[in-house]
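This report looks at how a protein chain is packed and where its backbone takes up less common angles. Please keep the sequence and the structure at hand while reading.

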Amino acid sequence: MAIATHPAANKTRDTAGLRAAIRILENWGATQEQGVEVLRISRSTYNRAKRSEPGWEATIDRDQLTRISMVLNIHAALRTVFENPANLYGFMTMPNHNQWFEGRTPLDTMISGGFPGLYETFKRIDGLRGAQW
């Protein structure tokens, strides 16, 4: 039996997740353009979420919600792996020379690879903590 939730409650939760994902992306050093690409949202939605306008709630589709979830889970994995804030937030913009990244930064890989790149980056980083997700 499925439990029904109120759509307004989902919108509030989704908006909070979007705002958290944008803060994380910016802490990683992502530009607005990069954040828009990773989350597949419009610039206006990005800006409104970033400003935390009172009463504003985003309409998030399933793909966007999955992307938000991956950003939040990548951040959680990095928090498990790194104690140093410079590494925690800097890792995503550091060139990585393992076979998957091939000298690219994880952030660039997430953007250039579309959804598969985002997912593979998530899997690789989650693997650093023992793939606990």
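A nonpolar core is a set of buried Ala, Val, Leu, Ile, Met, Phe, Trp, Tyr and Cys residues that are joined through side-chain atoms within 4.5 Å, where buried stands for a relative accessible area under 20%. The model discussed here is a predicted one, and its largest nonpolar core has 30 residues, among which Leu18, Trp28, Leu39 and Ile74 have the most contacts inside the core. Two or more residues of this core are given by each of helix 1 (7-27), helix 2, helix 3, helix 4 (62-81), helix 6 and helix 7 (114-128), and the largest share, six residues, comes from helix 4.

Trp28 can be followed further: leaving aside residues up to four places away in sequence, Trp28 touches Val71, Ile74, His75, Leu78, Leu88, Tyr89, Met92, Thr93 and Met110. Ile74, one of these partners, is itself listed with Trp28 among the core residues that have the most contacts.

**Helix 2 and its surroundings**

In helix 2, the buried residues are Gln34, Gly35, Val36, Val38 and Leu39; Leu39 also belongs to the group with the most contacts inside the largest core. The axes of helix 2 and helix 3 are 10 Å apart and enclose an angle of about 105°, so helix 2 is roughly perpendicular to helix 3, given that angles of 65 to 115 degrees count as such. On the side of helix 2 the contact is made by Gln32, Glu33, Gly35 and Val36, and on the side of helix 3 by Arg43, Tyr46 and Asn47. By character, the residues of this contact divide into two nonpolar, three polar and two charged. Gly35 and Val36 thus appear both in the contact with helix 3 and in the list of buried residues of helix 2.

**Positive phi angles**

Most residues other than glycine have a negative phi. Against that background, two loop residues deserve a look, and the table sets out their values.

| Residue | Phi | Loop | Relative accessible area |
|---|---|---|---|
| Arg40 | about 55° | between helix 2 (32-39) and helix 3 (43-51) | 37% |
| Glu102 | near 50° | between helix 5 (85-90) and helix 6 (106-112) | 61% |

Arg40 takes its positive phi just after helix 2. Are these two residues buried, partly exposed or exposed? Arg40 is partly exposed, because its relative accessible area is 37%, whereas Glu102 counts as exposed because its relative accessibility is 61%, with over 50% as the cut-off for that class.

Terms used. Residues are numbered from 1 along each chain as its sequence is written. This is a predicted model: local features need pLDDT of at least 70, side-chain atom pairs count only at pLDDT 80 or more; totals for chains, interfaces and linings use all residues. Side-chain values use heavy atoms; hydrogens and water are left out. Helices (H or I, at least four residues) and strands (E, at least two) are DSSP runs, numbered from the N terminus. Buried means under 20% relative accessible area, exposed over 50%, partly exposed in between (1.4 Å probe, protein chains only). Contact means heavy atoms within 4.5 Å. Axes are lines fitted to C-alpha atoms, for helices over the stretch in contact, and angles run from 0 to 180 degrees between N-to-C directions. Angles under 35 degrees count as roughly parallel, over 145 as roughly antiparallel, 65 to 115 as roughly perpendicular and the rest as oblique. Ala, Val, Leu, Ile, Met, Phe, Trp, Tyr, Cys and Pro count as nonpolar, Asp, Glu, Lys and Arg as charged, and the others, Gly among them, as polar.
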